[in-house]
Amino acid sequence: MSNRPRILLVDSNTDDRALAALLLRRELPDVEIEEVGDGMVLADRLSLGGFAVVVTEYRLDWGDGLQVLETVRSLAPDCPVVFFASAGSETIVAQGLRQGLSAYVVKGSAGYLELPTAVRRAIDRNAESRSSSERLALFQRLTDELSLGTFTALADGRLAAANEALARILEAKSPEVLMGRNLVELLSDETLQAQVLAAMARGRAVRGLEAGVRRANGDMTWVRLALWPVVEPGNELVRFEGALQDITGHRKAERELSERAAALGRSNADLQQFAYVISHDLQEPLQLIARYARLLAGNGSVAPMVDGKRYLANLVSCTDRMQAMINDVLAYSRVDTRGLPFTQVEFMEVVQQAVGNLKAAIDESGAAVSWDRLPALAADAAQMVQLFQNLIGNALKFRRETPQIRVYAVEEPERCTFAVADNGIGISQEHLERIFGMFHRLHTAAEYPGTGIGLAICKRIVERHGGRIWAVSEVGRGSTFCFTIPKSFTRASGGGVPETKE
Ligand code: ADP
């Protein structure tokens with residue numbers, strides 16, 4: 001079959017048909033013409049398809065033009081129809097136009113001249129509308145394939161059109177269900193709502209906005225939103241068009257990646273920390289042990305009994321210290337390797353339990369420990385108790401006068417910041433970071449008991465929860481230890497690094 005447009009010419013009058021065919025062939029040399037005089041043949045030809053236009057006389061031996069129009073509509077719905085009919089059929093033509101007739105040419109000398117132009121116009125218009133509907137279908141297939149939600153919204157944000165992909169992203173039954181809902185109200189964050197509303201009010205575009213939206217079932221999903229104003233001639237803002245892409249998977253992958261990177265960074269820092277501990281902190285008692293052992297061996301029987309006893313006592317105390325340090329290192333490494341899955345934790349109960357565990361020290365110091373309303377968050381409950389116990393324990397230990405300890409929390413959309421404030425001895429600025437390192441102490445064990453592992457463990461616990469810890473302090477007035485726990489950090493198991501045998 002050639003690619004030339006094919007015309008189906010319908011007329012039961014053979015002479016009229018031949019004349020019309022002659023004219024069309026002469027004026028439109030690029031077309032192919034098929035002539036039909038019989039109703040049965042017409043249906044037969046139409047069902048084969050491929051016609052660019054049907055030109056029909058109104059009065060036929062076996063029916064009329066409206067019947068032809070009906071047959072074309074049922075067998076070749078996209079094919080335009082042109083009436084070529086005797087004068088006086090105006091009312092019929094009006095009815096034909098209502099049923100989708102493309103053009104009407106009155107038979108007669110002027111009509112014969114006009115026919116080729118009318119047919120050409122019908123062919124061109126049809127080709128244009130077919131290519132634009134093909135483009136539209138392609139666009140729809142593409143947006144669907146890319147899961148790209150597209151929409152049109154009125155100037156106030158109410159949705160006026162949406163595609164299937166948008167309905168899928170928002171878990172709506174169909175795009176129709178979304179009609180009339182306000183796009184801005186779908187955003188779960190009020191700040192972003194205000195930002196989008198302000199841009200829309202000024203007729204400005206919004207691009208690349210990442211926001212959480214609430215789905216029909218109440219779940220949250222992350223999307224990237226873009227919308228732009230459509231201004232018609234006359235500078236009148238009519239509507240917004242836009243696109244919405246589901247980036248939940250993206251964000252999850254991003255978060256997992258950054259969690260893994262953080263875990264990797266932590267395990268690297270751990271290795272360095274452990275190497276440092278082994279080469280410095282553990283060396284010190286080890287050297288003392290060796291010294292006392294050498295003294296004992298060297299002095300042997302000649303050493304006065306009293307010196308021997310003292311050396312032995314020192315040796316035992318050094319081994320005890322070393323043992324304690326090794327236990328501390330183990331406790332530190334277990335924060336990750338023995339961590340429990342996160343569950344919804346009531347922080348009021350956590351603090352109550354920590355305070356209960358410290359009852360003896362609280363009673364002994366006469367401390368007043370108070371706490372405000374604390375939230376519930378996903379966390380490792382046992383580690384949270386240990387964290388508060390270490391911080392409150394330090395506030396009791398490094399006291400100046402009767403300890404006043406206050407625990408409080410500040411909630412933000414993404415995280416919660418907890419604080420433990422005391423009126424103790426305080427810490428000078430230059431030590432505020434160092435104190436979180438393993439075995440970093442500012443006092444001797446004689447001044448204040450301890451090994452210097454408590455805050456290092458606190459830091460590790462907080463980091464396992466995706467947060468950070470810091471201290472603010474003033475010497476002689478007191479200290480406040482703060483840490484954050486993110487709300488979206490949902491690690492379900494132990495550490496991010498593989499478990500190791502201890
Ligand atoms: P430890 O309590 O065994 O010394 P930590 O790691 O808990 O070990 O604390 C490290 C150091 O930080 C302490 O030795 C102390 O100097 C300082 N520190 C911790 N908490 C406080 C506090 N609430 N007030 C003053 N100093 C503190």
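**Exercise 1.** Is Val-231 buried, partly exposed or exposed, and what is its relative accessibility?

*Solution.* The model is predicted, so local features need pLDDT of at least 70 and side-chain atom pairs count only at pLDDT 80 or more, while totals for chains, interfaces and linings use all residues. Residues are numbered from 1 along each chain as its sequence is written, and side-chain values use heavy atoms, with hydrogens and water left out. Begin with the location: Val-231 is in strand β11, residues 220–232, where helices (H or I, at least four residues) and strands (E, at least two) are DSSP runs numbered from the N terminus. Then apply the classes, in which buried means under 20% relative accessible area, exposed over 50%, and partly exposed in between, with a 1.4 Å probe and protein chains only. At 46% relative accessibility, Val-231 counts as partly exposed.

**Exercise 2.** Determine how far Val-231 is from Gly-203 in space, and Ala-205 from Asn-235.

*Solution.* Taking C-alpha to C-alpha, Val-231 and Gly-203 are 9.0 Å apart in space and 28 residues apart in sequence. For the other pair, 30 residues apart along the chain, the C-alpha atoms of Ala-205 and Asn-235 are separated by 16 Å. Ala-205 itself is in the loop between α9 (190–201) and β10 (206–214), and with 35% relative accessibility it counts as partly exposed.

**Exercise 3.** Compare the setting of Glu-171 with that of Phe-439, given that each has a positive phi although it is not a glycine.

*Solution.* For Glu-171, phi is about 60°; the residue is in the loop between α6 (164–169) and α7 (175–178), and at 41% relative accessibility it counts as partly exposed. For Phe-439, phi is about 65°; its place is in the loop between β17 (415–421) and α16, and at 10% relative accessibility it counts as buried.

**Exercise 4.** Describe the surroundings of the Gln-383 side chain.

*Solution.* Gln-383 is in helix α15 and is buried, with a relative accessible area of 6%. A polar atom of its side chain lies 2.8 Å from the backbone oxygen of Val-335. The side chains of Gln-383 and Arg-464 are joined by a polar contact of 3.0 Å, the term standing for a pair of N or O atoms within 3.5 Å, of which, within protein, one must be able to donate a hydrogen and the other to accept it, while residues adjacent in sequence count only if both atoms are side-chain atoms.

**Exercise 5.** Which residues come nearest to the ligand, and which elements give two or more residues to the shell around it?

*Solution.* Of the 21 residues around the ligand, Asn-394, Lys-397, Asp-422, Arg-441 and Leu-455 come nearest, a residue being near if one of its heavy atoms lies within 4 Å. Next, take the polar atoms: a ligand nitrogen is 2.9 Å from an N or O atom in the side chain of Asp-422, a ligand oxygen is 2.6 Å from an N or O atom in the side chain of Arg-441, and a backbone N or O atom of Thr-451 lies 3.1 Å from an oxygen atom of the ligand. Finally, the elements that give two or more residues to the shell are α15 (381–397), α16 (454–464) and β19 (478–486), and the largest share, three residues, comes from α15.
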